[in-house]
Amino acid sequence: MGGHELSARGAGTRALILDAAVDAFAESGYAAASVREIAARCGLTHPALLYHFPTKAALLMAVLERRDSVGAPGGGMDALHGEDLLAHLVETAARNAAAPGIVELFATLAGEATAPSHPAHDFFVARYASLLRMVERAYRELAEDGRLTPGVDPAEAARRLVAVMDGLQVQWLLDRSVDMAAGVAAQVSAHIVTPG
């Protein structure tokens, strides 16, 4: 078997492990889920899983990085500006409605990771800081184009939009009739002046 085939097989095994880890972390939380249980879900031995992810924390970080990379445009969110970035967030909310396991995992881990000792604490601190910077930048760009509602502070608008997104995710997990995308779109629209 050639190196390319081995590499493709390894990538397939990693994807299988990550899918099982998403389910296990979403169902039990990070602390209660075990690596042995995740290996069993994949039909792998414990050592086989550890070959791909040497620690439970490494597995968690791979799950989080995969979650953030799915659906990101070519250059990631950094490549988006102004209204395009805000539209991407609305699209993300719509896409999340088709992925309840990922939404549940994210909500569970975000809560668990508030503890400084949690292995994903630094990831979530950095992720929220980066997201807030990007959204604030988008609002500032709208202001420069004369498209931001007068009196709206870009930093405060960014914090509120991220809070609305997170809050709607939790509400949706409890009641699937909640329309996350519509809620995010309404929050965005409240801050944008329509040209014309």
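These legends accompany close-up views of a predicted model. Local features need pLDDT of at least 70 and side-chain atom pairs count only at pLDDT 80 or more, while totals for chains, interfaces and linings use all residues. Residues are numbered from 1 along each chain as its sequence is written, and side-chain values use heavy atoms, leaving out hydrogens and water.

**View 1. Meet helix 6, residues 100–112.** Helices here are DSSP runs (H or I, at least four residues), numbered from the N terminus. With 13 residues at 1.5 Å a residue, helix 6 should span 18 Å, and its end C-alpha atoms are indeed 18 Å apart. The expected span is 1.5 Å times one less than the number of residues.

**View 2. Here are the buried residues of helix 6.** V103, L105, F106, L109 and A110 are buried (under 20% relative accessible area, 1.4 Å probe, protein chains only). They cover an arc of only 160° around the axis, so they sit on the same side of helix 6. The arc is taken from the directions from the helix axis to the C-beta atoms.

**View 3. F124 has several contact partners.** Beyond its neighbours within four places in sequence, F124 is in contact (heavy atoms within 4.5 Å) with L64, F106, L109, A110 and A113.

**View 4. K56 belongs to helix 4.** Its relative accessibility is 21%, so K56 counts as partly exposed (between the buried limit of 20% and the exposed limit of 50%). Not counting residues up to four places away in sequence, K56 touches F25, Y30, A31, A33 and V35. From K56 to R66 is 10 residues in sequence and 15 Å in space, C-alpha to C-alpha.

Methods. Helices (H or I, at least four residues) and strands (E, at least two) are DSSP runs, numbered from the N terminus.
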